[in-house]
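Me: Could you take a close look at one part of this model for me, the helices of the second chain and what they touch? I would like one connected walk through it, with the cut-offs spelled out.

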Amino acid sequence: MTVTNPPVVDAGPGIPTAGAVLRVVVVNGSPSRRSKTLGLADAVLDTLGKMLPIDVSRVDVYRLGPGFTAATERDDVTPDVEAMLRLAEDADLLIAAAPVYRGSYPGMFKHFFDLVDQYALANTLVLLAATGGGEHHALVLEHAMRPLFAFFQALTVPVAIFASSGDFDGVTLLNPRVHGRIEMALADVLDLLKSRATGTRATADS
Amino acid sequence: MAFEIGIMTFGEVTQDPVTGRLPSPRQRVRETIEQAKVADEAGLDVFGVGEHHRTDFIGSAPTILLAAAAEATEHIRLTSSVTVLSSEDPVRVWEQFATIDLLSHGRAEIIAGRGSYTESFPLFGYDLRDYSDLFREKLDLLLKIRERNPLTWSGRFRAPLVDADIAPRADGETIPIWVGVGGSTASAISTGRLGLPMAMALLLGPLTFHEQTIELYRASAEQAGHDARALPVSINTHGYVGRTSRQARDAMYPYFAKGMAENNHQRGRGIELPRAVFDAQASPGAGLLVGSPQEIIDKLLAYHELYGINRAIIQMGFGGMPQKEHLEAIERLGTEVAPVVRQEITARQEVAA
């Protein structure tokens, strides 16, 4: 999906923006082909696509096959899986989306990040999204997902997004309160992008 | 909108926790029809039968019970509470309710639900993974059948209909179709978007528990271009009208606790509802409609004020309430509670208008 709206971010004079498209990568941790987790990710992408030109790719960790599941180290993965890992590592914005399984993110979701290079996501924007059977699962975002990306020294977006089964009709997100939460999270993402594009950094990039 | 008060039953076949007796299904079908008759005579507005496919309920074919109730009653509206539409053929549902409508001179009604009990899915060959899609599609078909005849329609879960003649038609203009909602926000939103009346099933918890659900229902209806104020909302909830506050609680508790233990399993076991927890549910701030006639009046008015509901359907026989006590409560609801509530709400509406 590539959305070709004019960019909302005004980078100011001297900073090249022409053709700048945000590379968004969704890492989807749901084992189901049609899932509430993807329904939630789609709602995020729809909203984001209206704000910025984005280029969206998706990694379905449960569809990567034996070249992924049999790998215990990065060197073991097949070229197609390697390409998927690179895609995630090179994202401008990574959306980590997972259902709650046995009290946490599913195993294959963790396995994917076990193969990601230790510093590849450093300072990368990561938006956390999760779905669960009920509200009592909501803190999976803070107690399981955020620490995982803290290890990577990634820049997780302060507002993480959770939706319960009851918020969906099938896999379509209906609850306007969750949509409101998405808007809030993405407003922060936009702020961060804007300061990255225009702001001065404390330490110069080499 | 006139305020409606009614009763509903699942046709419980439960061993009496006090006497140890297990009623026979034959006895329970007769008692179910008697409940409808007494409710009708007491002036109640609605009689509902729920659909359950288990040995401890006689309600697997609610339309047949409603047809029998049609013959035993004169004024009361006959509804399903609920029809598990997801595992039904909407054509058959329409035919059956239209027949009840003819038998009862226009008193038939359908409350269509997704089903909180899921036994019917494997029985009729449906996959629970299609839970939401089944309901959406079947409700769409049912509404179209109501709207026009003959009908051409196609969907995923049944053979297409080509210029199909679906008969009989309703006795009057139409048959009301409500949607039963268990409190999930998405169900309330979908129902609001369709502009259909919503019957909300309440179980336990504070009186204010479903404020958000009702707000979202009305907001979604408005957004979709429906007049939310014209859409009826009902609460379907457990309760018991006793002689006194104490007698009502004492009469209801052992049966309700039994019903909860047999229908609300965790780790495969029923949960014992302690009396203190039950009593807390009966307090003015909690949702359970148990108490003296005056307490029920007060609580129904509180519900009306809070949610703007137009109807309350009370299930008083959960857990196998003995017929004698059940009928007494129906009588009190019809003669002591309903007239006061209707009059009070009408008066309030006149003041508001």
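Reply: Happy to: here is a walk through some helices, a contact between chains and two loop residues.

A word on conventions before the details. This is a predicted model, in which local features need pLDDT of at least 70 and side-chain atom pairs count only at pLDDT 80 or more, while totals for chains, interfaces and linings use all residues. Residues are numbered from 1 along each chain as its sequence is written, and chains are lettered from A and ligands numbered from 1 in the order in which they are written.

Let's start with the setting in chain B. An unreviewed UniProt entry annotates residues 5-306 of chain B as "domain: Luciferase-like"; positions from UniProt are given in the numbering used here, feature names are shortened, and annotations may be inferred rather than shown by experiment. That span is 42% helix and 18% strand, and its end C-alpha atoms lie 17 Å apart. Helices here are DSSP runs (H or I, at least four residues), strands are runs of E (at least two), and both are numbered from the N terminus.

Now to the packing of helices. Two packed helices are described by the angle between their axes and the distance between the axes. In chain B, α1 (residues 25-41) packs against α2 (residues 62-72) at an angle of about 45°, with the axes 9 Å apart. The axes are lines fitted to C-alpha atoms, for helices over the stretch in contact, and angles run from 0 to 180 degrees between N-to-C directions. α1(B) and α2(B) are therefore oblique to each other; angles under 35 degrees count as roughly parallel, over 145 as roughly antiparallel, 65 to 115 as roughly perpendicular and the rest as oblique. Their crossing is right-handed, meaning that the near helix is turned clockwise from the far one by less than a right angle.

Which residues make this contact? From α1(B) come B:V29, B:T32, B:I33, B:A36 and B:K37, and they meet B:L65, B:A68, B:A69 and B:A72 of α2(B). Two residues are in contact if their C-beta atoms, placed from the backbone, lie within 7 Å. By class, the contact of α1(B) with α2(B) has seven nonpolar, one polar and one charged residues. In this scheme Ala, Val, Leu, Ile, Met, Phe, Trp, Tyr, Cys and Pro count as nonpolar, Asp, Glu, Lys and Arg as charged, and the others, Gly among them, as polar.

α2(B) also has a partner in α3 (residues 90-103) of chain B: their axes come within 9 Å and cross at roughly 5°. That makes α2(B) roughly parallel to α3(B). Here B:T63, B:L66, B:A67, B:A70 and B:E71 in α2(B) meet B:Q96, B:F97, B:I100 and B:L103 in α3(B). The classes in this contact are six nonpolar, two polar and one charged.

Leading up to α2 of chain B is a loop from β2 (46-49), and B:G50 sits in that loop. With 25 C-beta neighbours inside 10 Å, B:G50 counts as buried. The rule is that a residue is buried if 20 or more other C-beta atoms lie within 10 Å of its own, exposed if 12 or fewer, and partly exposed in between. Leaving aside neighbours within four places in sequence, the contacts of B:G50 are B:M8, B:T9, B:F10, B:G59, B:P62, B:S81 and B:V82.

For contrast, consider B:E272, in the loop between β12 (269-270) and α9 (275-281) of chain B. B:E272 is exposed, with 11 other C-beta atoms within 10 Å. Not counting residues up to four places away in sequence, B:E272 touches B:A257 and B:A261.

Last comes α6 (residues 185-194) of chain B, which is mostly covered, with eight of its 10 residues buried. What covers the buried residues includes β7 (168-169) of chain A, as well as β8 (177-181), β9 (198-201) and α7 (211-223) of chain B. After α6(B) comes B:G195, with a positive phi near 70°.

That brings us to the contact between the chains, which takes seven residues from chain B and seven residues from chain A. On the chain B side, α5 (131-147) and α6 are the elements that give two or more residues, and α6(B) supplies the largest share, four residues. By class, this side has two nonpolar, four polar and one charged residues.
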